[in-house]
Amino acid sequence: MTDSPALAIFDLDGTLIDPAGSITGGIAHALKVHGLPVPDAATLSSMVGPPLLESLHRVADVPGEVLDAIVHTYRKRYISQGMAEGRPYPGIPDLLARLRSAGLWLAVATQKPQGLAEKLLRAHGLDQYFNSIHGAPDDETRPPAPDGKAGIVRAALTTNHAHPDRAVMIGDRRHDAAGAAACGIPCIGVAWGFAPEGEFAALDLAAVVVDAAELEDAIAVVLKTAAASPAPHAASTATAREGAAC
C-alpha cells in the first residue's frame with residue numbers, strides 16, 4: 001500500500017475533451033450516407049460514451065449487416081476532421097498540470113479505440129500529462145468486452161501498480177461509475193459531459209462537480225479519504241468482492 005501511487009483515472013470524451021459535435025455529427029453523417037434514419041439530438045448525445053458498435057445497434061437500431069460499414073464511414077470522417085473540432089474543457093489542461101506537479105499519477109480509461117484515444121490526446125497536447133492511456137481494441141469489428149468499462153479501468157490500475165484504496169475515477173456517464181464500482185474505486189461525476197438528466201442521481205458517486213476547480217478539490221478530498229479508509233480485508237463483504245474483481 002505505501003508504494004502504491006495516488007492515481008486519478010479520467011474518461012476522455014465528455015470529461016477531458018469536448019467533442020464539439022464531432023461525435024454526434026459524425027454518427028448522423030454516417031447514418032445519412034448509408035440511407036438510415038438519424039435519431040434526434042438527445043438520442044445522439046446518449047450515444048457518446050458507450051462503444052460505438054453498441055450504441056449504433058442498441059440505440060440507433062442499425063441492422064447488424066451494415067454496422068461495420070457505418071463505423072468505417074464514421075471513423076474516416078472523425079480522423080479527417082472530427083478530432084480537430086474537439087477542444088479540452090475549460091481549465092482541464094491547467095488542472096492536469098497541477099495534479100502532476102502535486103505528485104499524482106494520471107491515466108485515461110476510455111471506450112474509444114486506444115489508437116484513436118492516443119491520437120486525440122496528442123492532437124490537443126494532453127498526452128504529456130498521463131502515465132498511461134487505456135482504450136478499447138482498435139479493431140471495432142470485435143464485440144464490446146462483456147465487462148464493459150471495468151476491464152479498461154482495471155488495466156489502468158494494474159499498469160500503474162495502483163491499489164483501489166488510492167485511486168479515483170472521473171467521468172461523465174454511468175459507464176464510468178460502473179467500471180469504477182467493479183474495481184472497488186470511487187467515481188466523481190463531471191456535470192459538463194453527456195449524462196442525460198437524472199442519470200447522476202441514480203448513481204453512487206463520490207461527488208458531482210461543475211468545473212475544473214471543483215474537480216481539483218473533489219479529487220483531493222476523495223483520495224485523502226480513500227487513503228485513510230480501512231484496507232479491503234476489513235471492509236464489507238460487498239466491497240471486498242468488488243475489489244477482488246481487479
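**From valine 210 inward**

Valine 210 has a relative accessibility of 53%, so it counts as exposed. The cut-off for that label is over 50%. The model is predicted.

Start at this residue. Valine 210 belongs to the loop between S8 and helix H9 (212–228). Which residues does valine 210 touch, not counting those up to four places away in sequence? They are Ala191 and Trp192. The C-alpha atoms of valine 210 and alanine 191 are 5.2 Å apart, while 19 residues separate the two in sequence.

Step back to the whole chain for a moment. The protein chain has 246 residues, and 47% of them count as buried. The chain holds ten helices and eight strands. Take its contacts between residues at least 6 apart in sequence: 70% of these join residues at least 24 apart.

Now follow the strands. S7 and S8 pair over three bridges, in the parallel sense. Valine 190 stands opposite valine 209 in S8. S7 also has a partner in strand S6 (residues 167–171). That pairing is parallel too, again over three bridges. Here glycine 171 faces glycine 189 of S7. How does the chain get from S6 to S7? It crosses through H8, and the resulting β-α-β crossover is right-handed.

Look at the side chains of S7 next. In a regular strand, side chains alternate between the two faces of the sheet. From S7, Cys187 and Gly189 point one way. Ile188 and Val190 point the other way. Is this set of four buried or exposed? All are buried.

The crossover helix deserves a stop. Helix H8 covers residues 174–182, and aspartate 176 lies in it. Is aspartate 176 buried or exposed? Its relative accessibility is 2%, so it counts as buried; the label applies under 20%. A polar atom of the aspartate 176 side chain lies 3.0 Å from the backbone nitrogen of aspartate 172. Leave aside neighbours within four places in sequence, and aspartate 176 is in contact with Asp11, Lys149, Met169, Gly171 and Cys187. Two names on that list have already come up. Gly171 is the residue that stands opposite glycine 189 in S7. Cys187 is one of the buried residues of S7.

Next, the aromatic rings. How many aromatic pairs does the structure hold? It holds three. One of them joins tyrosine 74 and tyrosine 78, with ring centres 5.9 Å apart and planes at 20°. The pair is therefore stacked, as planes under 30 degrees apart earn that label. Both tyrosines sit in helix H4 (residues 67–85). They are four residues apart there, so about one helical turn separates them. Tyrosine 74 has a relative accessibility of 4% and counts as buried. Tyrosine 78 is buried as well, with a relative accessible area of 2%.

Another pair joins tyrosine 89 and tryptophan 192. Their ring centres are 6.0 Å apart and their planes meet at 45°, so this pair is tilted. Tyrosine 89 is in the loop between strand S3 (87–88) and helix H5 (92–101). Tryptophan 192 is in the loop between strand S7 (187–190) and strand S8 (207–209). The pair therefore ties together parts that are 103 residues apart in sequence. Both of its members, tyrosine 89 and tryptophan 192, are buried. This brings back the start of the tour: tryptophan 192 is one of the residues that valine 210 touches.

Return to tyrosine 78 for a charge. What sits over its ring? The charged end of arginine 75 does, 5.8 Å from the ring centre.

Two backbone details close the tour. Most residues other than glycine have a negative phi. Aspartate 61 has a positive phi of about 55°, although it is not a glycine. Its place is the loop between helix H3 (52–58) and H4. At 61% relative accessibility, aspartate 61 counts as exposed. Histidine 161 is not a glycine either, and its phi is positive, about 55°. Histidine 161 is found in the loop between helix H7 (150–159) and S6. With a relative accessibility of 65%, histidine 161 counts as exposed.

Notes
Residues numbered from 1 in each chain as written. Predicted model: local features only at pLDDT ≥ 70, side-chain atom pairs only at ≥ 80, totals over all residues. Heavy atoms only, no water. Phe/Tyr/Trp six-rings, centres within 6.5 Å; stacked < 30°, edge-to-face > 60°. Helix = DSSP H or I, 4+ residues; strand = E, 2+ residues; numbered from the N terminus. Buried < 20%, exposed > 50% of the residue type's maximum accessible area, 1.4 Å probe, protein only. Lys NZ or Arg CZ within 6 Å of the ring centre and 35° of its normal. Polar contact = N/O pair within 3.5 Å; in protein donor to acceptor, adjacent residues only side chain to side chain. Contact = heavy atoms within 4.5 Å. Pairing = 2+ DSSP bridges. Right-handed = clockwise from strand over helix to strand, strands pointing away.
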